[in-house]
Amino acid sequence: MDNKIFLYNTLSRKKELFEPMSPPHVGLYVCGPTVYGDAHLGHARPAITFDLVFRYLQHVGYKVRYVRNITDVGHLENDADAGEDKVGKKARLEQLEPMEIVQYYTNRYHKNMEQLNVLPPSIEPHASGHIIDQIGMVGKILDSGYAYEINGNVYFDVVKYNADHNYGKLSGRSIEETLENTRELAGQDEKRNQVDFALWKKAAPEHIMRWPSPWSDGFPGWHLECSVMSCKYLGDTFDIHGGGMDLVFPHHESEIAQAVAANGKEHVRYWMHNNMITIDGQKMGKSLNNSITLDEFFTGNHAALEKAYSPITIRFFILQAHYRSTVDFSNEALLAAEKGLKRMMAGVETLNALQPLESSTVDVEGLRKKCYGALNDDFNSPIAIAHLFDGVRMINSIKDGKEKISEIDLDLLKKLFNEFVYDILGFISEELETKEDSKMVDGLVQTILDLRKEAKLRKDFATADKIRDDLGNLNIEVKDTKDGAVWQMIR
Ligand code: ZN
């Protein structure tokens with residue numbers, strides 16, 4: 001690993017040299033979606049941020065085990081200890097099984113991620129698939145004395161934990177400050193302290209998702225799943241934990257407390273948090289009435305959108321800002337991203353058509369160093385993109401004959417652009433692909449149908465039928481009309 005990567009650790013509040021516990025292996029855990037609605041722009045940001053981290057770490061030679069969970073149980077309304085389960089409520093309103101809701105929105109989330117060219121994680125565990133493990137961790141925390149049971153509910157004893165460890169070391173909040181902020185919230189009288197949070201909740205009679213446990217028929221607290229599934233797949237202590245800044249408190253703070261209480265070991269070495277997307281300076285999210293789903297962006301079907309924006313435009317828009325800065329949404333910003341992406345892709349096309357000369361007047365090695373330098377400095381994608389635009393200017397000058405490039409340098413420049421634009425930043429030339437793809441499909445299907453026609457002429461109906469059926473399996477429907485065979489794609 002020649003690349004020294006520095007990343008900002010939320011825990012130490014400074015940039016640190018990234019040194020994984022057992023290189024080349026890296027454990028990366030990122031909090032995934034709660035699947036009870038369509039993904040919006042706010043979901044795209046952590047997914048794309050940590051996709052860049054995943055891609056770049058692999059690019060420089062690490063073997064990354066990337067775990068991103070699906071929250072399908074225990075996430076109650078308003079992120080609090082009380083209230084209805086988000087998935088359960090949707091199931092009740094739609095009169096569906098909770099797992100139908102989970103499957104439906106998980107499928108749609110995966111489709112959106114694929115559209116954004118976000119790579120799938122190495123493991124995608126579901127909270128509901130890890131109830132036994134969660135019950136196990138609650139037992140360990142009870143044994144260590146940092147939890148207590150009342151009326152079938154188990155709570156984490158934050159005050160006791162804080163006396164021995166520091167509850168607040170990630171968020172920088174003191175327990176007094178937390179007490180101050182939570183005193184107003186009533187209705188949890190059975191807890192020893194207002195700051196305590198639920199590890200296991202007894203299910204009310206009308207609560208749908210419930211499992212037997214030593215304490216009650218119930219369900220796990222929301223924070224628990226991430227401690228359990230990260231430790232299960234990455235070890236009690238692992239390298240990087242990521243998520244949105246809105247999860248620092250109480251979710252991640254509580255994850256640390258649970259893992260430390262259960263295992264007696266440090267939980268995570270580097271905490272990384274992406275900043276939020278704002279609309280007119282306000283946080284964008286489901287809870288606010290200003291969220292626009294990704295599908296609405298891709299179709300333009302929303303009052304706040306002047307037009308449709310392609311998935312890779314959204315990706316470019318997000319990566320044009322550093323992950324720790326806020327991104328403010330506007331049509332102007334998206335139009336600028338669309339233009340930027342086109343300019344970048346046109347640069348790649350020009351680059352691929354350049355002819356080398358005997359010598360160079362351009363500094364490709366310098367450009368390469370700058371691009372790596374940007375990503376080594378806390379994954380600074382906007383600076384890397386700015387350097388690539390310097391590269392596009394270089395490419396255009398070579399095309400115009402104002403600069404020269406040697407064969408060795410041209411190969412180096414092509415490698416640099418291929419790796420950074422496609423492999424690391426994950427951009428795709430969308431227009432080109434769809435146009436060329438559909439031209440190619442047209443040609444291929446026509447060739448196959450011509451072969452089928454010949455088979456029919458020599459009365460080889462078995463082959464003709466096989467061709468029709470095989471195409472049908474590929475969702476290409478063939479119909480025989482009096483003017484010959486016609487075909488269409490069925491979606
Ligand atoms: Zn989580």
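So, Pro250 sits in helix α8, and the peptide bond leading into it from Phe249 is cis, with omega near 0 degrees. Keep in mind that this is a predicted model, so everything I show you is computed from it.

Right next door in sequence is His251, also in helix α8, which covers residues 248-263. And what does His251 do here? Its NE2 is one of the protein donors of the zinc ion, along with the SG atoms of Cys31 and Cys226, lying 2.1 Å from the metal. If you like motifs, the donor spacing reads C-x194-C-x24-H. Cys226 belongs to helix α7, residues 224-234, and is 25 residues away from His251, so that pair links distant parts of the chain.

Back to backbone oddities for a second. In general, most peptide bonds are trans, and most residues other than glycine have a negative phi. There's a second cis bond on my list, from Pro23 to Pro24, with omega near 10 degrees. Pro24 is in the loop between β2 (14-17) and β3 (25-30). Then there's Gln95, which isn't a glycine but has a positive phi of about 55 degrees. You'll find Gln95 in the loop between α2 (86-94) and α3.

Okay, zooming out to domains. The chain splits into three: domain 1 is 6-274, domain 2 is 298-424, and domain 3 is 435-489. I'll stick with the first two. Their centres, going by C-alpha atoms, are 35 Å apart. Where they touch, 24 residues of domain 1 contact 27 residues of domain 2. Together they bury about 2,400 Å², and 65% of that is on carbon and sulfur atoms. Which three residues supply the most of domain 1's buried area? That would be Arg45, Leu52 and Tyr56, with 30% of what domain 1 buries against domain 2.

There's polar stuff in there too. Between domains 1 and 2 we count two salt bridges, and 13 residue pairs in polar contact. On domain 1's side of that interface, β1 (6-9), α1 (41-59), α3 (98-115) and β10 (268-274) each bring at least two residues. Helix α1 gives the most, with twelve. By type, domain 1's touching side comes out as 13 nonpolar, seven polar and four charged residues.

And if you want one salt bridge to click on, try Asp51 with Arg315: their side chains meet at 2.8 Å, N to O.

Note on methods
Residues are numbered from 1 along each chain as its sequence is written. This is a predicted model: local features need pLDDT of at least 70, side-chain atom pairs count only at pLDDT 80 or more; totals for chains, interfaces and linings use all residues. Side-chain values use heavy atoms; hydrogens and water are left out. Domain bounds come from an automatic or database domain assignment. Contact means heavy atoms within 4.5 Å. Buried area is the accessible area (1.4 Å probe) that two parts lose on being put together, summed over both. A salt bridge is a side-chain nitrogen of Lys or Arg within 4 Å of a carboxyl oxygen of Asp or Glu. A polar contact is a pair of N or O atoms within 3.5 Å; within protein, one must be able to donate a hydrogen and the other to accept it, and residues adjacent in sequence count only if both atoms are side-chain atoms. Helices (H or I, at least four residues) and strands (E, at least two) are DSSP runs, numbered from the N terminus. Ala, Val, Leu, Ile, Met, Phe, Trp, Tyr, Cys and Pro count as nonpolar, Asp, Glu, Lys and Arg as charged, and the others, Gly among them, as polar. Donors are N, O and S atoms within 2.8 Å of the metal (3.2 Å for Na, K and Ca); water is not among the atoms, so sites may look incomplete.
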